[in-house]
Amino acid sequence: MIEIKNIVKAFATKEVLKEVSFTFEQGKTNLVIGQSGSGKTVLLKCLLGLHEPESGFINFDGLDIVGKSNKNLKGLRKQIGMVFQGGALFDSMNVEQNVLYPLQMFSKLSKEEMLQRVNFCLKRVNLENVNHLFPSEISGGMKKRVAIARAIVLNPKYLFCDEPNSGLDPYTATLIDNLLQEITHEYGMTTVINTHDMNSVMEIGEKILFIKEGRNVWEGTKADIITSENQHLQGFVFSSELFKTIKRKS
Amino acid sequence: MPSKPGQSQELTTAHELISKEASNVKTRNVVFFVAFKLISVLKIGYLLIVVVNLHLILYKTHAMGLIASFGKYLLFIADVFRKPERRSVMYKLVVKEVYELGFKSVLFVVFVSLFVGAVVTLQTAANMEGSWMPRYLIGYATRDAILLEFSPTIISLLLAGKIGSNIASSLGTMRVTEQIDALEVMGVNPVTYLVRPKIFALMFFNPLLICMSMFGGVIGGWISGTLSGECTSAEFISGIQYDFVPFKAVYAIIKTILFAFIIASVSSFHGFFTKGGALEVGRSSTRAVVFSSVFIIVSNYILTQLLLN
Ligand SMILES: Nc1ncnc2c1ncn2[C@@H]1O[C@H](COP(=O)(O)OP(=O)(O)O)[C@@H](O)[C@H]1O
Ligand SMILES: [Mg+2]
């Protein structure tokens, strides 16, 4: 469980996050939704300790991280897996080396055990026989899956994903969403997913935070969305004809 | 020329009389003037390009920003020398960088050196045409020009272009595609694991590259000197052994190590703090080359003052 309270983050004079509070629950896929530029990535980077918020606090199962130095966060970092928007795979390493990297840096397993673990994780994300391909040789969907495999290889307690299915076709996008949800339930992780994709919201929105211009405007579950009367949320969710039709029918 | 012990009067030949003549300061000045003229032209051309570029960059940067950047650079360097946790990984990374940055430059460096050595020899010979100076001075002048300035300084400037842009663009790409953030999230210090191996690899391998360049330059000179008939092979070879001061080689290596540090650290700095996208990666790469070249030229001047005087 991750609790955040009154997070304020500004770049120079521009306030990007304005007093955001929320609780991300364990064993659930927690979604942060909002328009492009609303501050989702900035919020995620605050959670990761890549950005230091101006004020507010962030608590990982009892551990406060705001104001802590990189050194003090080292223990926590090993329990965090992150899937970046573009995958952020290391270009100079092949798929296997990418997934192996966190193990090499932090685990005390033997070489065979490490490789076993890598292959297990790659299989878990439905990737086989791609171990020796380089990131430039695989498709966008595969890159995302390798990134997920790399993120879960150390068995993290927390999993963060920044728009895991942006730029993917609807079929692959749904595949990735379901994969993330399955993994979350399987390992009881606290998963935080940034998205602006309504399909994802309806597919895996177990707990949802909607931010608009850096403010927490609404929170709830995917079931609550349809019935919600919140104007901002309505504007965002039902901006497409398809969802308008669905709402009318329900 | 210091006379060797055991050398008797009978051995004094006409040839040696001319040697004594040649060691007179005035003669040396002429020889040096000729040899360094070419190098200076090369350097001034390069400096011009650099200054124009620098001007374009400074145009957009405030003086305060520059000072702040320098502070940031020093902190960055301090980070580089922090102890890594996994030494075995670090060793492998250094080896990889030696291959990527150093080994892959060998052909380029040797090729350039052969030709420049050849040209320096021809120029020196042409300028000595019809003079009373002994022909072996061609070898002597070529050796000193290559050893003192061409190999350590000019080759380092060329490497600043080749390796510096490589380092800055690869780190810049890693930054804008969030690979550096990915390392940080994992709890891996990206400076230690990305930048440190590059700096160590260059400081280790560049002196070797420069030695190859020295040999390449001298061999190029020997080939062009003998092929053109300006001097005989024996004359050239006795010239390159004439009045050899080992400290000059040491001086060249010291310079090279410093320049290697400048190339690797300045380029890494610019690549590492790239912001934005592909366009900015290109810009960082240009800045890396310009700033490392300027630092090399300025520190070359300072070092020469300190070491040779
Ligand atoms: N490092 C930064 N410096 C300055 N402004 C930033 C930085 N990162 C993000 N922003 C600004 O913060 C706002 C939110 O960005 P972001 O969190 O990336 O949006 P999104 O919700 O699409 O992920 C944007 O207006 C962006 O310009
Ligand atoms: Mg984003």
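Student: How many residue pairs are in polar contact across the interface of chain B and chain A, both at pLDDT 80 or more?

Tutor: The rule finds four such pairs. A polar contact is a pair of N or O atoms within 3.5 Å; within protein, one atom must be able to donate a hydrogen and the other to accept it, and residues adjacent in sequence count only if both atoms are side-chain atoms. This is a predicted model, where local features need pLDDT of at least 70, side-chain atom pairs count only at pLDDT 80 or more, and totals for chains, interfaces and linings use all residues. Residues are numbered from 1 along each chain as its sequence is written.

Student: Why is A:Lys45 with B:Glu178 called a salt bridge?

Tutor: The term asks for a side-chain nitrogen of Lys or Arg within 4 Å of a carboxyl oxygen of Asp or Glu. Here the closest N and O atoms are 3.3 Å apart, so the pair qualifies. Across this interface the rule finds two salt bridges.

Student: What makes up the area buried between chain B and chain A?

Tutor: Carbon and sulfur atoms give 59% of about 1800 Å². Buried area is the accessible area (1.4 Å probe) that two parts lose on being put together, summed over both.

Student: Which residues make the contact, and how many come from each chain?

Tutor: Chain B gives 18 residues and chain A gives 23, where contact means heavy atoms within 4.5 Å.

Technical notes: Chains lettered and ligands numbered in written order. Heavy atoms only, no water.
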